[in-house]
Amino acid sequence: MHKSRRGWLDVNAIKKYRSMYLFLLPAVLVTVIFSYVPMMGLIMAFENYKPRLGYFHSPFVGFAHFREFMTQHDFYLAFKNTILLNGLMILIGFPLPILFALLINEIRFAAFKRVTQTITYLPHFISWVVVSGLVYIFLEDEYGSVNVLLQWLGFDSIGFMREPKYFWGVFVAVSVWKEIGWNSIVFLAALTGIDQEQYEAATIDGAGRFQKLRYITIPGIAPVIGLMFIFTVATIFGANGSGGANFDAIYNMSNPLVMDTALTLDYHVYMAGIRYNNPSYGAAVGMVISALSLFLLLVTNRIGKKISGYGAF
Amino acid sequence: MGKRKTATAADIVIVLVMSLICAVMLYPFLYSLAYSLSDSNRAMVERITVWPAGFTLNNYKVVFENSTIVQAFLITVLRTAAGVVYAGAIVALAAYAITKRQMPGNRLIALFLIIPMYFTGGLLPTYIWTYKLELFNNPLVYILPYGFWAFNMLIVRTFFDTIPAALEESAKIDGASDFKVFLKIVLPLSMPVTATIAMFNGVWHWNAWFDAMLYVTDEKLYPLQYLLQKILKESTLSQTLAAQGNLGALGNGKTPTSPESLKMTTLIISTVPIVLIYPFLQKYFIKGFLVGAVKG
């Protein structure tokens with residue numbers, strides 16, 4: 001070991017770990033084939049890509065597709081919707097799981113607590129296909145439970161899934177319903193990490209429930225809140241395929257009638273690139289989304305580190 | 001905490017609020033279940049809440065006798081099983097190797113594997129490349145691309161780091177190979193994290209439909225979620241499937257299954273397997289988050 005301090009070209013050390021390299025081989029192969037090769041494929045964003053001609057013979061057009069989407073009405077619409085819908089999701093969907101975790105933490109009956117957790121995690125495991133199916137059934141104009149309830153209360157029924165103006169509200173509500181329990185887990189985990197002696201000391205000093213919440217609980221989970229906020233903001237462009245208004249959710253929840261508010265960036269990539277068969281244009285928009293996501297992640301991470309001393313990496 | 005024995009007003013309010021939230025979470029599923037167990041004719045005219053109207057298993061019989069739906073169910077089961085084993089093995093092996101910090105090039109390889117978490121080629125290059133690999137209308141398209149998530153590797157590595165090195169070393173002194181140490185010592189000690197990763201991957205595969213929409217036109221290869229999406233979005237398909245199921249039932253006095261009942265029953269079938277599994281794994285994935293939160 002002592003003489004092997006010469007970095008990664010040390011033959012003896014490499015020999016010693018040769019089975020470890022073998023263990024890493026499948027992961028490296030899969031990553032190269034299914035992640036890095038498509039990354040190289042981004043070259044098509046600068047071409048008029050034709051499958052027949054391939055990457056090497058398709059005509060090179062430089063930044064033409066990037067200039068093209070700057071003039072596209074759909075691109076601006078998708079960009080605006082992505083920012084506003086995700087902004088709304090963060091505004092409402094981010095604080096609620098924290099509040100929910102605090103509430104669960106206050107439950108004193110262990111069995112009730114466990115059952116509550118199990119039940120509220122349920123929707124997270126259900127596919128967006130099923131969830132949107134349920135949403136359309138429950139928000140149906142005449143027989144849907146929500147409109148039946150509205151009529152019973154003396155209101156007119158609402159065409160939730162037919163008018164663009166309702167889409168964001170419905171989407172945020174459904175997302176909160178689906179993920180509030182699941183997203184609270186990480187905050188609950190942070191809550192159990194708080195030193196219990198602090199609470200006992202506070203009780204002796206005569207602190208009430210809300211004072212403990214204000215001075216012990218919230219400061220105790222603040223770093224985790226900060227970290228989760230970074231992740232949430234960083235994924236608003238949906239490039240990571242999860243969280244926020246991602247493609248899976250939007251595609252299943254939307255229909256042609258509400259496209260004015262439902263069209264988001266990755267939906268636009270899918271429609272333009274695959275449905276309307278313009279792969280180079282789709283790749284160009286996809287590349288911008290990917291770059292924006294990375295940029296956002298780096299910026300929020302830097303800010304998070306400055307404020308709380310915690311960063312994702 | 002827990003000093004007070006009697007429940008205060010605040011405790012009661014919390015329990016009430018939580019019960020209401022739980023009801024809102026459960027109601028859509030109970031409603032669908034009740035509908036799928038109801039007589040089709042009565043379900044259309046009566047208001048169903050959580051109790052079936054005219055209990056019958058006929059809808060399930062129709063669905064399970066429909067070869068299109070059964071085929072899709074089978075495809076989903078197969079892709080989930082294969083996908084979980086494939087991705088689980090690749091990630092566990094990689095995570096174990098990555099715990100060896102003295103290994104030359106360790107940090108470089110880790111970085112190489114983690115970069116795609118933050119920057120990807122995106123939909124179009126992936127689509128074109130999948131076409132070039134001749135994976136269109138090939139069941140392998142459901143499995144091969146999903147072998148490695150760096151995020152899962154980081155979770156598993158965090159867990160492996162807690163296993164005492166002395167255990168591995170003593171086995172190696174006894175002459176066990178690296179692979180044997182991994183298989184016989186590290187893996188058995190890592191059931192919580194293995195189960196968590198298997199569940200993440202399993203749920204993902206079970207619920208996946210987008211790859212089928214992109215790459216598969218052969219109806220025999222449709223997974224259940226994709227077929228369900230088509231049933232829910234295209235009214236003609238649910239009518240056709242319901243009609244197929246009712247052909248055999250003609251004249252036996254049973255109410256034919258309506259397209260609505262067929263939708264509900266397929267929806268329940270595509271949901272129940274996951275609902276039955278995740279509560280048993282709950283303590284594992286919560287532990288996984290705990291490790292993450294403490295580390296973070």
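Q: Take a salt bridge as a side-chain nitrogen of Lys or Arg within 4 Å of a carboxyl oxygen of Asp or Glu. With that rule, how many salt bridges are counted between chain A and chain B?
A: This is a predicted model, and side-chain atom pairs count in it only at pLDDT 80 or more. One pair that qualifies is B:Asp11 with A:Arg108, N to O at 3.0 Å, so it falls inside the 4 Å cut-off. For chain A with chain B, the count comes to 2 salt bridges.

Q: And which helix of chain A gives the most residues to the side that touches chain B?
A: Beyond the salt bridges, 17 residue pairs make polar contact across the interface of chain A and chain B, both partners at pLDDT 80 or more. On the chain A side, the top contributor gives 18 residues and spans residues 18-40: helix α2.

Q: How much area is buried between chain A and chain B?
A: Start with who takes part: 90 residues from chain A and 91 residues from chain B are in the contact. Carbon and sulfur atoms give 77% of the area buried between the two chains. The total is about 8200 Å².

Q: What does B:Phe119 touch in chain A?
A: B:Phe119 sits in the loop between α5 (106-118) and α6 (123-132) of chain B. From B:Ile90, B:Phe119 is 29 residues away in sequence and 21 Å away in space, C-alpha to C-alpha. Leaving out residues up to four places away in sequence, the residues that B:Phe119 touches are A:Met39, A:Leu42, A:Ser290, A:Ala291 and A:Leu294.

Q: How far apart are the C-alpha centres of domain 1 and domain 2 of chain A?
A: The domain assignment splits chain A into domain 1 (1-62) and domain 2 (64-308). Where the two meet, domain 1 of chain A puts in 9 residues and domain 2 of chain A puts in 8. Centre to centre, by C-alpha, the two domains of chain A lie 34 Å apart.

Q: Which three residues supply 52% of the area that domain 1 of chain A buries against domain 2 of chain A?
A: Between them, the two domains of chain A bury about 710 Å², with 69% of that on carbon and sulfur atoms. On the domain 1 side, no other three residues supply more than this trio: A:Leu42, A:Met44 and A:Ala45.

Q: How many residue pairs are in polar contact between domain 1 and domain 2 of chain A?
A: Salt bridges don't come into it, as the count between domain 1 and domain 2 of chain A is 0. Polar contacts do turn up, with both residues at pLDDT 80 or more, and the count is 7 residue pairs.

Q: Which residue caps the N-terminal end of helix α11 of chain A?
A: Helix α11 of chain A covers residues 196-204. Just after α11(A), A:Gly206 takes a positive phi of about 85°. At the N-terminal end, a side-chain oxygen lies 3.2 Å from the backbone nitrogen of A:Glu197, and that oxygen belongs to the cap, A:Asp195.

Q: Where in chain A is confidence highest?
A: Mean pLDDT is 88 for chain A and 89 for chain B. The complex as a whole gets an ipTM of 0.91 and a pTM of 0.91 from the predictor. Within chain A, helix α1 (residues 11-16) has the lowest confidence, at a mean of 84, while the highest, at 95, goes to α2(A).

Technical notes. Residues numbered from 1 in each chain as written. Chains lettered and ligands numbered in written order. Predicted model: local features only at pLDDT ≥ 70, side-chain atom pairs only at ≥ 80, totals over all residues. Heavy atoms only, no water. Contact = heavy atoms within 4.5 Å. Buried area = accessible area lost by both parts, 1.4 Å probe. Polar contact = N/O pair within 3.5 Å; in protein donor to acceptor, adjacent residues only side chain to side chain. Helix = DSSP H or I, 4+ residues; strand = E, 2+ residues; numbered from the N terminus. Domains from an automatic or database assignment. pLDDT = per-residue confidence, 0-100.
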